[in-house]
Amino acid sequence: MPNEGARKPGEKLKQGRIAPANAEWIAEAGQMIRSGALVAFPTETVYGLGADATNGEAVARVFEAKGRPAFNPLIVHVLGLEQALIIGEFSPLARRLTEAFWPGPLTIVVPRTAKSDVSDLVSAGLPTVALRSPDHPVARALLAAAQRPLAAPSANRSGHVSATHAEHVAADLGDKAALILDAGPTSHGLESAVVSLVGETPVLLRPGAVTVEAIEVALGERLARETEASSTRPASPGQLLSHYAPRAALRLNAYEWGPNEAVLAFGGVAEKPARVFINLSPSGDLVEAAANLFAALRMLDASGAPTIAATPIPKHGLGEAINDRLKRAAAPRD
Ligand code: TXA
Ligand code: MG
């Protein structure tokens, strides 16, 4: 870490929002995370754009900042196994992999625990969660300072290459991050490998900084590739997303509804008799609506209503991602 001498938080930053990753700035960054702000930080792979994973609105802001067209699920960063066990169900294979590679550039996808307090939006409504314990001293110090699991995708705009320098983060995300902790270039420069341990066979979802060979040695078995497995189970997030749907049929752009229907409303829509009525954001705030979306769909579905009527949601900003998810959930299924 650079020795910044007498520099204190609140004094002039190196450039824009870039701050040297020293103890004072990391402490400040931890406070920012706890208050719901986004902080970009270095990991051993690439820079991440971090948010308190338990704060739905902070997580929604991550999607907004990245300009993700859909809610691609995010990796939750933890200090280690103890914190991970609160969030995910660990099979013996999951334990074996984390013993071999944590802390380090391996992400595992496991079922979420019932007691997990991580926002539904992190997993894009999936019953699973991606977990990784990073091996970078600054990432670990930030996790310790924030005392929260950190939801953090790579700190680049959606579709761009991942950022390996603080300056790249600033160029891509500008003022979307409240602070960018700079510890110089990242060492791997390649994202973590992602392995799903949700089904019977472990599946490689994304090759990355830990090699397939090393993972197979630790597992003691072959790793199925996403393509081999996809005929029997939906492995890729994209496929999983299109498979995610409430039991109830979903009716989009509804202006009227019957008393037996469940209603997903937005903005100033007037409440009329319905089986259940949930307004994602009475004030018309898309960040708040995104944070509430998946939990609301679950609740409406749990009401047992045959249909969910969704009132129109604006298409700008996070509205695009919300509409994308609703469209998928409304798509005809077999
Ligand atoms: O090295 C890394 O992994 C970096 C640093 C910041 O940790 N993070 C990163 O995050 O690359 P991101 O969001 O750019 O990529 C996360 C990957 C995506 O391919 C996503 O689809 C997958 O992990 N993923 C996340 N949650 C998942 C889930 N529940 N099921 C399946 N795939 C998931
Ligand atoms: Mg990425």
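In the predicted model, isoleucine 108 stands opposite leucine 131 of strand β6. This pair belongs to the contact between β5 and β6, two strands that run antiparallel and are joined by four bridges. On the side of β4, the pairing with β6 is of the parallel kind and comprises three bridges. Here histidine 77 has arginine 132 of β6 as its bridge partner. Strands of a sheet pair through backbone hydrogen bonds, and either a parallel or an antiparallel arrangement may result.

Strand β6 is also notable for its burial. Five of its five residues are buried, so the strand is largely enclosed by the rest of the structure. In a regular strand, side chains alternate between the two faces of the sheet. In β6, Thr128, Ala130 and Arg132 point one way, whereas Val129 and Leu131 point the other way, and all are buried.

The wider sheet is open and consists of 11 strands, with mixed pairing, in the order β1-β8-β2-β3-β7-β4-β6-β5-β9-β10-β11. The edges are occupied by β1 (residues 18–20) and β11 (residues 224–225); each has a single partner strand, so one side of each is left without a neighbour in the sheet. Within the sheet, β5 also pairs with β9 (residues 193–196), in the parallel sense and through four bridges. Threonine 107 has valine 194 as its bridge partner in β9.

Helices pack on this sheet as well. Helix α2, which spans residues 56–66, touches β3 (residues 48–52) and β7 (residues 150–151), and its direction makes about 155 degrees with that of β3. Helix α4, formed by residues 92–101, lies across β5 and β9 and runs at about 160 degrees to β5.

The loop between α4 and β5 contains proline 103. The peptide bond that joins tryptophan 102 to proline 103 is cis, with an omega of about -10 degrees.

Two further loop residues have a positive phi although neither is glycine. Glutamine 147, with phi near 55 degrees, lies in the loop between α5 (residues 137–146) and β7. Its relative accessibility is 57%; because the cut-off for an exposed residue is over 50%, glutamine 147 counts as exposed. Asparagine 253, with phi near 50 degrees, is placed in the loop between β12 (residues 249–251) and β13 (residues 262–265). At a relative accessibility of 45%, asparagine 253 counts as partly exposed.

The largest pocket has a volume of about 620 Å³. Its lining comprises 35 residues, and those that lie nearest the centre are Arg68, Pro73, Ile75, Val194 and Arg206. Two or more lining residues come from each of β4 (residues 75–77), β5 (residues 106–111), β6 (residues 128–132), β10 (residues 203–206) and α9 (residues 237–243). Among the elements, β6 gives the most to this lining, with four residues. By class, the lining is made up of 16 nonpolar, 14 polar and five charged residues.

Strand β6 thus links several parts of this description. The strand pairs with β4 in the parallel sense and with β5 in the antiparallel sense. Its five residues are buried, and β6 gives four residues to the lining of the largest pocket. Valine 194 likewise appears twice, as the bridge partner of threonine 107 and as one of the residues nearest the centre of the largest pocket.

Notes
Residues numbered from 1 in each chain as written. Chains lettered and ligands numbered in written order. Predicted model: local features only at pLDDT ≥ 70, side-chain atom pairs only at ≥ 80, totals over all residues. Heavy atoms only, no water. 1 Å grid on protein atoms, 1.4 Å probe; cavity = no way out; pocket = protein on both sides within 12 Å on 5 of 7 lines; lining within 4 Å. Points joined across faces, edges and corners; volume = space filled by probe spheres on them. Nonpolar A, V, L, I, M, F, W, Y, C, P; charged D, E, K, R; others polar. Pairing = 2+ DSSP bridges. Contact = heavy atoms within 4.5 Å. Axes fitted to C-alpha atoms, helices over the stretch in contact; angles between N-to-C directions. Buried < 20%, exposed > 50% of the residue type's maximum accessible area, 1.4 Å probe, protein only.
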